[in-house]
Amino acid sequence: MNENPLHSTISTQPSDLAKRIRNFLIAMAAIILAVAVFLGVRMDATSTSLPQLAEESVPMDVALRNGKPTLIEFYANWCTSCQAMAPELHEIKQQYAEQLNFVMLNVDNSKWLPELLKYRVDGIPHFVYLNQNADTIAQTIGEIPRNILEANLDALIAENPLPYTQSIGQVSAFNSPLTPDKPSTVDPRSHGAQVQ
């Protein structure tokens, strides 16, 4: 019983054809998975983009002249809070479009520097509420829940005090008893200035 050892061992190595089929199936599965992830991310992204909202907004000069109350939003495309609010803000704009101007100003555009300074924008999203005469009524900063934003807009349209805002202008009758002896010639925002 001399068996040839080559004939008695069962081959445990997959054939070249089996390797090729396995690699092809893995490659196809990877491609299908990549397409599914890509489409899933695109579907999950907000259906309303900030540039789209800005394009649909009322131009600033028109809003200041047309006699309607106005909501100005200072935003940036990279602002995650601005992005998070975009879908709801789009719906709110559609709901209030006849009664209110919606203006969007991108803080990354130097064209809006005078407005950034005028409204003292130091955080985004920054909302400015203007009455029918384009006078500043109030401001809010940060991500605002929809019900609070709608309450403010309803009050703005009705010419009532806004319930959820930071007041602009004089907010108390307090006058500081301290007055400087002489006006300072050093810019107080200079980090190298010495306190005197």
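## A helix turn, a salt-bridge network and two cores

Let's start in helix H4 (residues 60–65), where Arg65 and Asp61 sit four residues apart, about one turn of the helix. Their side chains meet in a salt bridge, with N and O 3.5 Å apart. Are these two partners buried or exposed? Arg65 counts as exposed, because its relative accessibility is 63%. Asp61 is partly exposed, with a relative accessible area of 45%. Keep in mind as you look around that this is a predicted model.

### The whole protein

Let's step back for a moment. The protein has seven helices and five strands. Starting at the N terminus, the order of the elements is α-α-α-α-β-α-β-α-β-β-α-β. Of the 196 residues in the protein, 28% are buried. And here is something about how the chain folds back on itself: take the contacts between residues at least 6 apart in sequence, and 70% of them join residues at least 24 apart.

Ala138 and Tyr164 make a handy example of a pair separated along the chain. They are 26 residues apart in sequence, and their C-alpha atoms are 9.2 Å apart in space. You'll find Ala138 in strand S4 (residues 136–141). Ala138 counts as buried, because its relative accessibility is 1% and the cut-off for buried is under 20%.

### Salt bridges

How many salt bridges does the model have? The count comes to three. Here they are side by side:

| Pair | Closest N to O distance |
|---|---|
| Arg65 and Asp61 | 3.5 Å |
| Glu91 and Arg146 | 2.5 Å |
| Glu150 and Arg146 | 3.0 Å |

Look at the names in the last two rows. Glu91, Arg146 and Glu150 are linked in a network of salt bridges. What does the bridge between Glu91 and Arg146 tie together? Glu91 lies in helix H5 and Arg146 in helix H7, so this pair connects parts that are 55 residues apart in sequence. The other link stays inside one helix: Glu150 and Arg146 are four residues apart in H7, which means about one helical turn separates them.

How open are these three residues? Glu91 is partly exposed, at 40% relative accessibility. Arg146 is also partly exposed, with a relative accessible area of 23%. Glu150, at 18%, counts as buried, because the cut-off for buried is under 20%.

### Nonpolar cores

Now for the inside. The largest nonpolar core has 16 residues. Those with the most contacts inside this core are Leu71, Phe102, Phe127, Tyr129, Leu149 and Leu153. Which elements give two or more residues to it? They are helix H5 (80–96), strand S3 (126–130) and helix H7 (146–157). So H5 and H7 turn up again, as they did for the salt bridge between Glu91 and Arg146. Apart from this core lies another one, of twelve residues, including Val103, Trp112, Tyr119 and Val121. There's a general idea behind this kind of grouping: in soluble globular proteins, nonpolar side chains tend to be buried together.

### A cavity and a pocket

A search of the whole structure turns up one cavity of 30 Å³ or more. The largest cavity holds about 30 Å³ of space. What lines this cavity? The answer is Met85, Glu88, Leu89, Ile92, Ile144, Arg146 and Leu149. H5 and H7 are the elements that give two or more residues to the lining, and H5 gives the most, with four residues. Sorted by class, the lining has five nonpolar residues, no polar ones and two charged ones. Two of the names should ring a bell: Arg146 is in the salt-bridge network, and Leu149 is among the core residues with the most contacts.

The second largest pocket has about 160 Å³ of space. It is lined by 13 residues, and those closest to its centre are Ala54, Ser57, Met104, Leu105 and Trp112. Which strand gives the largest share of that lining? Strand S2 (residues 101–106) does, with four residues. By class, this lining has nine nonpolar, three polar and one charged residues. Trp112 links this pocket to the previous section, as Trp112 also belongs to the core of twelve residues.

Technical notes: Residues are numbered from 1 along each chain as its sequence is written. This is a predicted model: local features need pLDDT of at least 70, side-chain atom pairs count only at pLDDT 80 or more; totals for chains, interfaces and linings use all residues. Side-chain values use heavy atoms; hydrogens and water are left out. A nonpolar core is a set of buried Ala, Val, Leu, Ile, Met, Phe, Trp, Tyr and Cys residues joined through side-chain atoms within 4.5 Å. Buried means under 20% relative accessible area, exposed over 50%, partly exposed in between (1.4 Å probe, protein chains only). On a 1 Å grid over the protein atoms alone, a cavity is a set of points where a 1.4 Å probe fits but cannot get out, and a pocket is an open set with protein on both sides within 12 Å along at least five of seven lines; lining residues have an atom within 4 Å of a point. Grid points are joined across faces, edges and corners, and a volume is the space filled by probe spheres set on the points. Ala, Val, Leu, Ile, Met, Phe, Trp, Tyr, Cys and Pro count as nonpolar, Asp, Glu, Lys and Arg as charged, and the others, Gly among them, as polar. A salt bridge is a side-chain nitrogen of Lys or Arg within 4 Å of a carboxyl oxygen of Asp or Glu. Contact means heavy atoms within 4.5 Å.
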